[in-house]
Amino acid sequence: MDIRIGNGYDVHALASGLPLWLCGVQIESETGCVAHSDGDVAIHALCDALLGALALGDIGKHFPDTSDEFRGIDSKILLRRTMDMVKDAGYRVGNADITIALQRPKLAAYITRMRENLAGVMGVQVTAVSVKATTTEKLGFVGRSEGCEVFATALLFSNE
Ligand code: MG
């Protein structure tokens, strides 16, 4: 059995008056991600981890932000399409782990729904999906609430 690991990283700037979507959950927040899509920076990092595990390039290659097709798109659709690529390549997800760095608001109350959302789209058990949140102790662009930064790791197993 072939085992593959991938990592993903994404950052979006935050601006007032925009919706904030993370792992398919709308977060109550004064600011949201500036983006061509719905700005779900967590799903973008996860897609990059999945694509990275299979050396299939990155999310920008498959879903270019210059394309009208992807303007304002629900990032869960991007994750679903990425999972189609994983399946077409003959792999399944072992587990995924996501760390969201955001100064505010606190995300603890949303974590369960985030994990359920991602597991549903990926077709895996909720126990296979970890979502963690951290501040950066007011340091850097995250700490100044200028942006949201996400790291993701995904492990894939081949089906044979
Ligand atoms: Mg992005």
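Start by selecting Ser 75 and showing what surrounds it: leaving out residues up to four places away in sequence, Ser 75 touches Ser 37, Asp 38, Asp 40, Ile 43 and His 44. As you look, keep in mind that this is a predicted model. Ser 75 is found in helix α3, which covers residues 75–88, and because its relative accessibility is 0%, Ser 75 counts as buried.

**The magnesium ion**

Keep His 44 selected, since this neighbour of Ser 75 is also one of the protein donors of the magnesium ion. Which atoms of the protein are the donors of the magnesium ion? They are Asp 10 through OD, His 12 through NE2 and His 44 through ND1, and they lie 2.1 to 2.3 Å from the ion. If you mark these donor residues along the sequence, you will find them spaced as D-x1-H-x31-H. Colour the chain by secondary structure and you can see that Asp 10 lies in strand β1 (residues 3–16) while His 44 lies in helix α1, so the pair ties together parts that are 34 residues apart in sequence. Are Asp 10 and His 44 buried or exposed? Both Asp 10 and His 44 are buried.

**Along strand β1**

Stay on strand β1 and select Ala 13, which is found in this strand. Ala 13 has a relative accessible area of 41% and is therefore partly exposed. When neighbours within four places in sequence are left aside, Ala 13 is in contact with Gly 32, Cys 33, Val 34, Glu 146 and Gly 147. For a distance across the model, select the C-alpha atoms of Ala 13 and Ile 111, which are 98 residues apart along the chain and separated by 21 Å.

**Two aromatic pairs**

Next, show the aromatic rings, where the structure holds two aromatic pairs. A pair of aromatic rings is described by the distance of the centres and the angle of the planes. One of the pairs is formed by Tyr 9 and Phe 151, and this pair is tilted, with 5.1 Å from centre to centre and 40° between the planes. Tyr 9 lies in strand β1 and Phe 151 in strand β7, so this pair ties together parts that are 142 residues apart in sequence. Tyr 9 counts as partly exposed because its relative accessibility is 40%, and Phe 151, with a relative accessible area of 40%, is partly exposed as well. Now move to Phe 63 and Phe 70, which form an edge-to-face pair with 5.5 Å from centre to centre and 80° between the planes. Phe 63 and Phe 70 are both buried.

**The nonpolar core**

Now hide the rings and turn to the largest nonpolar core, which has 48 residues. Select those with the most contacts inside this core, which are Leu 22, Leu 50, Leu 79, Ile 100, Met 114, Leu 118 and Met 122. Several elements each supply at least two residues of the core, including β2 (20–22), β5 (91–101), α4 (111–122) and β7 (147–158). Which element gives the most to this core? Helix α1 does, with nine residues. To see the surroundings of one core residue, select Leu 22, which, leaving aside its neighbours within four places in sequence, is in contact with Ile 27, Asp 40, Val 41, Ala 42, Ile 100, Leu 102, Leu 107, Met 114 and Cys 148.

**The cysteines**

Follow that last contact to the cysteines. How many disulfides does a search of the whole structure find? The search finds zero disulfides. Cys 47 is in no disulfide, and the nearest cysteine sulfur, that of Cys 23, is 11 Å away. Cys 148 is in no disulfide either, and here the nearest cysteine sulfur, that of Cys 33, is 5.3 Å away. Cys 47 is buried, with a relative accessible area of 0%, and Cys 148, at 0% relative accessibility, counts as buried too.

**The loop after α1**

For the last stop, select Asp 58, which is found in the loop between α1 and α2 (59–62). Asp 58 is partly exposed, with a relative accessible area of 38%. Leaving aside neighbours within four places in sequence, Asp 58 is in contact with Asp 48 and Leu 51. Asp 58 and Asp 48 are 10 residues apart in sequence, and their C-alpha atoms are 5.4 Å apart in space. Finally, show the side chain of Asp 58 together with the backbone of Lys 61, whose backbone nitrogen lies 3.0 Å from a polar atom of that side chain.

Technical notes:
Residues are numbered from 1 along each chain as its sequence is written. This is a predicted model: local features need pLDDT of at least 70, side-chain atom pairs count only at pLDDT 80 or more; totals for chains, interfaces and linings use all residues. Side-chain values use heavy atoms; hydrogens and water are left out. Helices (H or I, at least four residues) and strands (E, at least two) are DSSP runs, numbered from the N terminus. Buried means under 20% relative accessible area, exposed over 50%, partly exposed in between (1.4 Å probe, protein chains only). Contact means heavy atoms within 4.5 Å. A disulfide is a pair of cysteine sulfur atoms within 2.5 Å. A nonpolar core is a set of buried Ala, Val, Leu, Ile, Met, Phe, Trp, Tyr and Cys residues joined through side-chain atoms within 4.5 Å. Donors are N, O and S atoms within 2.8 Å of the metal (3.2 Å for Na, K and Ca); water is not among the atoms, so sites may look incomplete. Rings of Phe, Tyr and Trp (its six-membered ring) pair if their centres lie within 6.5 Å; planes under 30 degrees apart count as stacked, over 60 as edge-to-face and the rest as tilted. A polar contact is a pair of N or O atoms within 3.5 Å; within protein, one must be able to donate a hydrogen and the other to accept it, and residues adjacent in sequence count only if both atoms are side-chain atoms.
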